[in-house]
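I opened this notebook page to look up how the aromatic side chains sit in the model, and how far the model can be trusted where I read it.

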Amino acid sequence: MMLEHGGNNPRYSIVVPFHNEQDSVPELYRRLAGVMTGVYEPVEFVFVDDHSSDSTPQLLKDVAASDPRVSVIRLKRNYGQTVALAAGFDYAEGDIIISMDGDLQHDPADIPKMLKALEESGSDIVSGWRKKRVDNLFLRRIPSRAANWSMSKLSGVNIHDFGTTFKVYRRDTIKQIRLYGEMHRFIPALASWNGATVIEVPINNIERPEGKSHYGLSRTVRVLFDLLTIRFLLRYVTRPLHFFGPIGLLSMLAGLGINAWMLAKKILLGTDLLEQHGPLMILGAVLILAGVQLISSGLIGEMLSRTYFESQGKPIYSVERVISARGASRPASEQSAHK
């Protein structure tokens, strides 16, 4: 369900997910208001409460009561950071949307630098880069560096820090992306697939002042699975047969080769295949069957892909700008709005 609110559209939206962050809420709001008020207006603050069980809901309610620019979205259960961000992005109406964590590890003072980089570069996304990290070396920094290197190579997006939530988006870019799982860290890769440009800006990495981190090594396994999913989505979402087909074809050829070799031995040498090559016969048959199944999976995937795009009315391309004799050149989003 898309979340909506009334009123005039703000220029900037700041989306912050919270889960049991009672020690951070008042201070983070104070810092954000100090940076944005009077300089970056009109602005809205979209605070998403991911079903906190501490005093976070009441503190957010108090902040919203004191500042009409603040909207609080409380989710019905604890969905996780990705879904909380998705809810905030759906609700946000700013032309420029800024996301960050609610634990004070992101410094609002970095926002002007990131907004300046967005305007000067003309990019669609400015991603924060925790160049000098303060996390534990072995439990956080080394695994994070390895994961970021893998993400960069597999996604083709050359940035150093996929994990940080601190990013600045143009509205049209982030609104095109549907999030699920742990996919928020892969937004630059998903956006790049749609043609978005991404740049990186170094940001401060502040040690968490209070509370307990919600991150740990247990999340690494989930990230690896999401990384495989992203790789598949980026390369094969519109052509799954290109992924399953070559593997299935190699499997079938290997199985047929094994069976052809054994048949030749049977005909030319009279070899008793069941006695001497029983396991090999089974292997050949399994390889052929596996190849047929993989190719069939690819064909089914092709049909599902076409059904998805056609039934959703979802285009397989992203238009940056339309130029025609009927009017001046303008972004595709404005063209759609005038239809």
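I began with Phe 47, which is buried at a relative accessible area of 1% (buried means under 20%, exposed over 50%, partly exposed in between, with a 1.4 Å probe and protein chains only). This is a predicted model, in which local features need pLDDT of at least 70 and side-chain atom pairs count only at pLDDT 80 or more, while totals for chains, interfaces and linings use all residues. Residues are numbered from 1 along each chain as its sequence is written, and side-chain values use heavy atoms, with hydrogens and water left out.

I then searched the whole structure for aromatic pairs and noted six (rings of Phe, Tyr and Trp, the last by its six-membered ring, pair if their centres lie within 6.5 Å; planes under 30 degrees apart are stacked, over 60 edge-to-face, the rest tilted). Phe 18 and Phe 47 have ring centres 5.4 Å apart and planes at 85 degrees, so I entered them as edge-to-face. Phe 18 is also buried, at 1% relative accessibility.

I next looked up Tyr 29 and Phe 45, whose ring centres are 6.2 Å apart with planes at 80 degrees, so this pair too is edge-to-face. Both Tyr 29 and Phe 45 are buried, and I noted that Phe 18, Tyr 29, Phe 45 and Phe 47 form one aromatic cluster.

Last, I checked confidence: the chain averages a pLDDT of 82, and 80% of the residues score at least 70 (pLDDT is the predictor's confidence in each residue, from 0 to 100).
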